[in-house]
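Please take a look at the protein chain shown here. The report starts with the whole chain and then turns to some of its parts.

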Amino acid sequence: MPDVVAMRRYLHQHPELGLSEIHTSDFVAKKLAEMGYTVTRGLAKTGLVATLRNGSSAKSIGIRADFDALPIHEETGADYASKTAGLMHACGHDGHTAMLLGAANILAERRNFDGTIHLIFQPAEENFGGARLMIEDGLFDRFPCDAVFGLHNEPSIPLGHFVFGAGPVMAAVDECRITVIGRGGHGAEPQATADPVVAGASIVMALQTVVSRNIHPLDSAVVTIGAFHAGAASNVIPERAEMLLTIRSLDPAVRDTLETRIRAIAECQAQSYGMTVEIEYERGYPATVNHARETAYARALACRFAGDDKVHDMPRPTMGSEDFAYMLEKRPGTYFFLGTARTENDPPLHHPRYDFNDDVIPTGVAFWVELAEDFLKA
């Protein structure tokens, strides 16, 4: 796989943020056109679909890889490290794209299938919901897929091992900005002010009861206040205090309850201190919900491919999120994980020293080929 590794490392050297992956999109499109694919560009600005048909069957499959990077300064020290300061492929999307390009080359050479393959190269997974944008641009209307499949590398899973799960496997993610509006003044005269720091602190503590007292103990949910900004001096009471929240859930009803309770707590706690709040609540990616039939199919194929000892069931969903969820809302399919661990203490995803493990590339390439050819049996 030297050529695929070289592509991966080239992509790693040239990271681009979501919806700005112009060079990446050009590179991928050129490679696919050279392989004989019909390449359609411009979905979600920089996204593209590569189509290959063979035989007479009307059956079709979609396989997705994401290719955006993150605003992180790389600390790997690799000789192929990012050439753009402050940007790096810290989530392995360079590896996802390279593996699908490697599979594309083999599928085009062998043509051992009957039907249509749509390879979906997606931008902006990390921030702007590139999957949703591609769908809005007509992805599945223009490129019908009987099923869609996607994977993510995972450095905490043994190298070459597969992990599958049916139903919810990743959480919905929402964000909330709560601004407490008080009345500032001198820190020595608090009685003449309405202190938003005190009210904000009360809101922070009250929000800890949302999951513990409003959500069923067997339902998963997370409410995290990741930022609290107020004031700049010890003797000045500020006018405002601002909190930033991330909210995670797996069930739509739980998601609704979380929003209702967060709004009510923020408003009522502020009111009890004689203040008001401004709340900006934004619904993000939905939960990633795998379809039972496609998950069972891909799992069984992985067992034949890698052996039962290298295929595992997901013990519980992760509260991370993934915009492949939008594709699974529109088409049946599954999203699974492929292990890339080098040691027991590999840097995790989104870490400045994370680096995709090229040793897994032959496994990822071969499995995508196996999946496409089996799904579209000649």
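## Surface and overall build

About 16300 Å² of the protein chain is exposed, and carbon and sulfur atoms supply 51% of that area. Keep in mind that this is a predicted model. Buried residues make up 52% of the chain's 378 residues.

The C-alpha atoms fill a box of roughly 80 × 45 × 40 Å along the principal axes. The secondary structure comes to 11 helices and 16 strands. Now look at contacts with a separation of 6 or more: residues 24 or more positions apart account for 80% of them.

## Charges

Count the charged side chains next. There are 33 positive and 49 negative ones. The centres of these two sets lie 4 Å apart.

## Strand S3

Find strand S3, residues 60–66. Is S3 enclosed or open? All 7 of its 7 residues are buried, so the strand is largely enclosed by the rest of the structure. Its residues point two ways. Ser60, Gly62, Arg64 and Asp66 point one way. Ile61, Ile63 and Ala65 point the other way, and both sets are buried.

## The partners of S3

Which strands pair with S3? One is strand S4, residues 115–122, which runs parallel to S3 and is joined to it by 7 bridges. Within this pairing, arginine 64 has isoleucine 120 of S4 as its bridge partner. How does the chain get from S3 to S4? The path goes through helix H3, residues 93–110. This β-α-β crossover is right-handed.

Strand S5, residues 148–158, also pairs with S3 in the parallel sense, over 3 bridges. Here isoleucine 63 is matched with phenylalanine 149, its bridge partner in S5.

## Leucine 43

Now move to strand S1, residues 38–43, where leucine 43 lies. Is leucine 43 buried or exposed? Its relative accessibility is 0%, and the cut-off for buried is under 20%. Therefore leucine 43 counts as buried.

What does leucine 43 touch, leaving aside its neighbours within four places in sequence? Its contacts are Val49, Pro123, Met134, Asp137, Leu139, Arg142 and Phe143. Take proline 123 from that list. Leucine 43 and proline 123 are 80 residues apart in sequence. In space, their C-alpha atoms are 9.1 Å apart.

Notes. Residues numbered from 1 in each chain as written. Predicted model: local features only at pLDDT ≥ 70, side-chain atom pairs only at ≥ 80, totals over all residues. Heavy atoms only, no water. Buried < 20%, exposed > 50% of the residue type's maximum accessible area, 1.4 Å probe, protein only. Helix = DSSP H or I, 4+ residues; strand = E, 2+ residues; numbered from the N terminus. Pairing = 2+ DSSP bridges. Right-handed = clockwise from strand over helix to strand, strands pointing away. Contact = heavy atoms within 4.5 Å. Areas by Shrake-Rupley, 256 points an atom, 1.4 Å probe, with all protein chains shown as cover. Lys, Arg positive; Asp, Glu negative; His and termini not counted. Charge placed at Lys NZ, Arg CZ, Asp CG, Glu CD.
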